[in-house]
Amino acid sequence: MHTISQYQEFLADYLQSQYETKEPRNLYEPIHYILDLGGKRMRPVLTLMSAEIFGADYKNALPAALAVEVFHNFSLVHDDIMDDAPLRRGNETVHEKWNINTGILSGDAMLILAYQYFEQYEPVIFRDLAKLFSKTALEVCEGQQWDVDFEERTDVTLEEYLKMIQYKTAVLVAAAMKMGAIIAETSAENANLIYDFGLNLGLAFQLQDDYLDAFGNPETFGKQVGGDIIENKKTYLYLKAVAFSAEKEAQELRDLFAVQLEDNTDKIERVKELFNASGASKATQDAIQDYTFKAFQMLDQLNVSADKKAMLKAFGENLMGRKV
C-alpha cells in the first residue's frame, strides 16, 4: 500500500505521460488546462487505493483512475458553464479563459477520452468497467438536471435533494472505488461493499462542500464563496433552515431565494445568519458526520486485513477534516 500523496504523484506522472501535442490546439489545450489545475484528485486516488486494497498493483488501475479523473473534470467544465461560474480551484474556468463554445466542445472530447482509457483492459474487465461507467455517467447527468430543476422550484424536499447529490456527486466516488475492485477481480460482495463505502463518503463530501460554499474561507475554498446562495440552490442548509425557522424567517429565506441580484453581498450575509440562527448549520455538520460513520460501517464488513480497513478509514477522516 502507498500513501495518499504517493497515489496523487503516481496519477500526476501518468497524466503527464498521456499528453501529446495534438491539433486543433483550441480543443486540447483547455483539456490540459483543467486537468493541470489538479485539486485533491480524490476520485482517481480511490480507484488506485481500492485496487491495492484488494491485492492488485496500483499500476493496473492507472488507466481507469485517469478515466474517472477526466470524466469528473468534463462534468466540471460543463457545470461551470451552466452555473456561469468564474472560478474553479482558484483559477479562471475554461469558458471564461476561452469561450462557451470551446468549453462545450472540449468537455465533449473529455467524455470520449475517458471511455478510451478502458480499452487498455482485457474484455471481461473492460465490459464490467464500461458497464459501471455508463450507468454512473448517466446518473451524474440526471443529478445535474435535478440540480438545475430545483433552482426554479419552491417545493424541493430533503429526500429529493439527497437523491440529487447522490446522483450528481456520490455515485462517481462509489464507482471509482468499485472500479479498483473490478480490476483486482475481488469478490462481488467486496466490490459492492466498497461501492457503498464510496457512496456514503460521497454524500458526506457533497454535504460538506455545500457547507463550505457558505462558510468556507474564500482564500482556500477555490470557488466563489456563497455561489449556491447567489444561484438560489436549495441545498441541505437551505432546506433545514426553512424547516427549522419560524414562519417569518422561513418566508424571508424563500423570498431571498426567489430573486437574482446584481450585488449579492447583503443577501449572502443575511442567508448565512439565518442558516446559523435556525440550527441548519449544525444539522448539516451532524449529517456530514452521520454519512461518514455509515461509510465506516461498510468497512467493517469488508473481507480484507485490518490495516487496509484502517487506511480507508484514515482517508475518510482526512477528507472530512478538509477546509477546502
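**Close-up views of a predicted model**

**View 1. The lining of the largest cavity.** Asp210, Asp213, Ala214, Asp228, Ile229, Lys233, Thr235, Leu237, Phe257 and Phe275 form the lining of the largest cavity. Please keep in mind that this is a predicted model. Helix H9 (188-215) and helix H11 (227-230) are the elements that give two or more residues to this lining, and H9 provides the largest share, three residues. Sorted by class, the lining has five nonpolar residues, one polar residue and four charged residues. The volume of the largest cavity is about 50 Å³. Searching the whole structure turns up one cavity of 30 Å³ or more.

**View 2. Thr235, a buried residue of the cavity lining.** Thr235 is among the residues that line the largest cavity, and its place is in the loop between H11 and H12. Is Thr235 buried or exposed? Its relative accessibility is 6%, so Thr235 counts as buried, the limit for that label being under 20%. Setting aside neighbours within four places in sequence, the contacts of Thr235 are Tyr161, Asp210 and Asp228. Two of these contacts will look familiar from the first view: Asp210 and Asp228 also line the largest cavity.

**View 3. Asn232, with a positive phi in the loop between H11 and H12.** Here we stay in the loop that follows H11 and leads to H12, where Asn232 lies. The phi angle of Asn232 is near 60°, a positive value in a residue other than glycine. Asn232 has a relative accessible area of 5% and is therefore buried. Thr235 is found in this loop too.

**View 4. The largest nonpolar core and the residues that touch the most other members.** This core contains 110 residues, and Phe197, Leu253, Phe275 and Leu312 touch the most other members. Helix H8 (residues 158-184) contributes the largest share of the core, 17 residues. Phe275 is worth a second look, as this residue also appears in the lining of the largest cavity.

**View 5. Leu253 and its contacts.** What does Leu253 touch, leaving aside its neighbours within four places in sequence? The residues in contact with Leu253 are Tyr238, Ala241, Val242, Ser245, Val271, Leu274 and Phe275. Phe275 and Leu253 are both among the core residues that touch the most other members.

**View 6. The two faces of helix H13.** Leu253 belongs to helix H13 (residues 247-256), whose buried residues are Ala250, Leu253 and Leu256. Why do these three sit on the same side of H13? They cover an arc of only 125° around the axis, which puts them on the same side. A handy rule for reading such a view is that an α-helix has 3.6 residues a turn, so residues three or four places apart point the same way. Helix H12 (236-244) and helix H14 (265-278) are included in what covers the buried residues of H13. On the face turned away from the buried side, H13 carries the exposed residues Glu247 and Lys248.

**View 7. The second largest pocket.** About 290 Å³ of space lies in this pocket. Of the 14 residues that line the pocket, Gln18, Glu20, Lys22, Leu113 and Tyr117 lie nearest its centre. Helix H1 (4-18), helix H2 (25-36) and helix H6 (100-117) are the elements that give two or more residues to the lining. The largest share, four residues, comes from H2. By class, the lining of the second largest pocket comprises eight nonpolar, four polar and two charged residues.

**View 8. Backbone details on either side of helix H2.** In the loop between H1 and H2 we find Pro24. A cis peptide bond, with omega about 0°, joins Glu23 to Pro24. Arg41 is located in the loop between H2 and helix H3 (42-53). The phi angle of Arg41 is near 50°, which is positive in a residue other than glycine. With a relative accessible area of 12%, Arg41 is buried.

**View 9. Lys131, an exposed residue of helix H7.** Helix H7 (residues 123-152) contains Lys131. Because its relative accessible area is 65%, Lys131 is exposed, a label that requires over 50%. Along the chain, Lys131 and Ala175 are 44 residues apart, and their C-alpha atoms are separated by 11 Å.

Methods:
Residues numbered from 1 in each chain as written. Predicted model: local features only at pLDDT ≥ 70, side-chain atom pairs only at ≥ 80, totals over all residues. Heavy atoms only, no water. Core = buried A, V, L, I, M, F, W, Y, C linked by side-chain atoms within 4.5 Å. Buried < 20%, exposed > 50% of the residue type's maximum accessible area, 1.4 Å probe, protein only. Contact = heavy atoms within 4.5 Å. 1 Å grid on protein atoms, 1.4 Å probe; cavity = no way out; pocket = protein on both sides within 12 Å on 5 of 7 lines; lining within 4 Å. Points joined across faces, edges and corners; volume = space filled by probe spheres on them. Nonpolar A, V, L, I, M, F, W, Y, C, P; charged D, E, K, R; others polar. Arc of directions from axis to C-beta.
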